[in-house]
Amino acid sequence: MESQKEARTLQEPVERPPGASRSQTPKDKERQEGGAVPAAAALGAEADDTSADGLWELPAEPAERRPECSRCSRPQKVCLCPFLPARPLPISTHLYIIQHPAEENKVLRTVPLLAACLPQDKCKVKIGRRFSEERDPELSTICRKSGTLILYPGAEAANLEEFILDSPVYPSTIIIIDGTWSQAKDIFYKNSLFRQPKQVQIKTSISSQYVIRMQPTNRCLSTLECAAVALSILEKNNYIQETLLRPLQALCSFQLQHGAQIRLSKEHLLKNGLYPKPMPKNKRKLRKMELLMNSVKI
């Protein structure tokens with residue numbers, strides 16, 4: 001998962017006494033300690049202080065952003081719309097993406113591509129780390145419905161393909177968490193809402209095509225890939241998976257042609273002695289590394 005914005009804490013501006021400069025030079029220190037400073041140097045320092053004070057009060061100019069495509073949310077010069085379906089895919093399943101706030105501004109995120117391929121009323125993105133009935137009554141109602149699933153792997157998760165064969169109520173909604181694996185884990189376990197729907201997972205042998213971003217293991221899929229596989233199963237239509245993966249393939253191909261490198265999984269690097277960082281001293285993190293090396297699911 002890439003794997004699915006709360007208020008940010010802004011740094012308070014630091015108040016300075018009138019005429020105070022931002023940093024103290026050796027000459028300033030010498031002057032404060034009673035040392036003699038040449039008149040010309042003193043005048044120059046005063047001039048510098050005056051000009052610095054003037055700059056201090058000027059408003060900061062916002063950084064210019066490249067114009068973005070309104071459909072795929074990519075910069076217009078690298079728009080991926082030619083690889084999107086001409087019309088949103090006609091699906092009956094409702095998809096809810098629970099996105100960690102840190103994912104929203106990442107350049108190579110996949111959720112905008114996913115949303116661009118689906119009808120607006122079938123794909124909703126909710127950004128945040130904590131959800132409750134008071135904060136989001138709509139999501140709370142969705143989680144309580146018998147036809148809602150949440151896609152999150154684990155010992156209690158049922159195989160999606162097997163589950164729908166025996167389920168008395170055919171699923172109408174699926175929830176996917178978008179974020180790094182640690183972020184997704186935090187969201188899943190610290191929001192009781194997400195343990196109300198039936199927990200399912202995808203058992204597939206395909207490897208991730210999101211090769212420009214490192215995954216923990218060779219079996220981990222991006223949010224877009226998870227949605228593509230899940231929707232294909234629920235809609236009983238393999239064309240959906242092919243269509244949703246097309247813009248991801250184009251994104252990775254473009255990035256590789258312009259200097260990006262293939263990012264091998266952490267599992268592959270560890271098994272082949274290529275992991276560039278020293279092994280962690282923390283026992284919990286070290287245990288995770290050992291599990292990856294032994295191909296045990298974590």
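**Exercise 1. Find the residue of β2 that Ile97 stands opposite, then place the two strands in their sheet.**

*Solution.* Start with the local match: Ile97 stands opposite Val125, a residue of β2. Keep in mind that this is a predicted model.

Next, zoom out to the strands. β1 and β2 are paired in the parallel sense, over five bridges. Then take in the whole sheet: six strands in the order β2-β1-β5-β3-β6-β4, with parallel pairing, and the sheet is open.

Finally, look at the ends of that order. β2 (123-127) and β4 are the edge strands, each with a single partner, so one side of each has no neighbour in the sheet.

**Exercise 2. Work out which residues of α6 are buried, and where they sit around the helix axis.**

*Solution.* First, list them: Gln183, Ala184, Ile187 and Phe188 are the buried ones in α6. They span an arc of only 130° around the axis, so they sit on the same side of α6. The general rule helps here: an α-helix has 3.6 residues a turn, so residues three or four places apart point the same way.

Now ask what covers that side. The cover of the buried residues of α6 includes β1, β3, β5 and β6. The helix lies across β1, β3, β5 and β6 (198-201), running at about 130° to β5.

For another helix on these strands, try α4 (residues 137-144). Helix α4 lies across β1, β2, β3 and β5, at about 125° to β1.

**Exercise 3. Trace the aromatic cluster that Tyr152, Phe188 and Tyr189 form.**

*Solution.* Begin with the total: there are four aromatic pairs in the structure. One of them is Tyr152 with Phe188, a stacked pair at 4.2 Å centre to centre and 10° between the planes. This pair links distant parts of the chain, 36 residues apart: Tyr152 is in the loop between β3 (148-151) and β4 (158-159), while Phe188 is in helix α6 (residues 181-189).

Are these two rings buried or exposed? Tyr152 has a relative accessible area of 7%, so it counts as buried. Phe188 is buried too, at 2%.

Add the next ring. Phe188 also pairs with Tyr189, this time edge-to-face, with 5.0 Å between centres and 85° between planes. Tyr189 has 46% relative accessibility, so it is partly exposed. Put together, Tyr152, Phe188 and Tyr189 make one aromatic cluster.

**Exercise 4. Describe the largest nonpolar core and name the element that gives the most to it.**

*Solution.* Start with the members. The largest nonpolar core has 42 residues, and those touching the most other members are Leu95, Leu114, Leu118, Leu160, Ile174, Leu231 and Leu244. Elements giving two or more residues include β1 (94-99), β5 (173-178), α7 (223-235) and α8 (238-257). The top contributor is α7, with nine residues.

Now check one of those members. Leaving aside neighbours within four places in sequence, Ile174 has contacts that include Leu95, Tyr96, Leu149, Leu151, Ala230 and Leu234. There's also a second, separate core of 15 residues, with Phe131, Tyr152, Ala184 and Ile187 among them.

**Exercise 5. Decide whether Ser232 is buried or exposed, and list what it touches.**

*Solution.* First, locate the residue: Ser232 is in helix α7. Then apply the 20% cut-off for burial. With a relative accessible area of 5%, Ser232 is buried. Last, the contacts: not counting residues up to four places away in sequence, Ser232 touches Asn237, Asn238, Ile240 and Gln241.

How values were computed. Residues numbered from 1 in each chain as written. Predicted model: local features only at pLDDT ≥ 70, side-chain atom pairs only at ≥ 80, totals over all residues. Heavy atoms only, no water. Phe/Tyr/Trp six-rings, centres within 6.5 Å; stacked < 30°, edge-to-face > 60°. Helix = DSSP H or I, 4+ residues; strand = E, 2+ residues; numbered from the N terminus. Buried < 20%, exposed > 50% of the residue type's maximum accessible area, 1.4 Å probe, protein only. Core = buried A, V, L, I, M, F, W, Y, C linked by side-chain atoms within 4.5 Å. Contact = heavy atoms within 4.5 Å. Pairing = 2+ DSSP bridges. Axes fitted to C-alpha atoms, helices over the stretch in contact; angles between N-to-C directions. Arc of directions from axis to C-beta.
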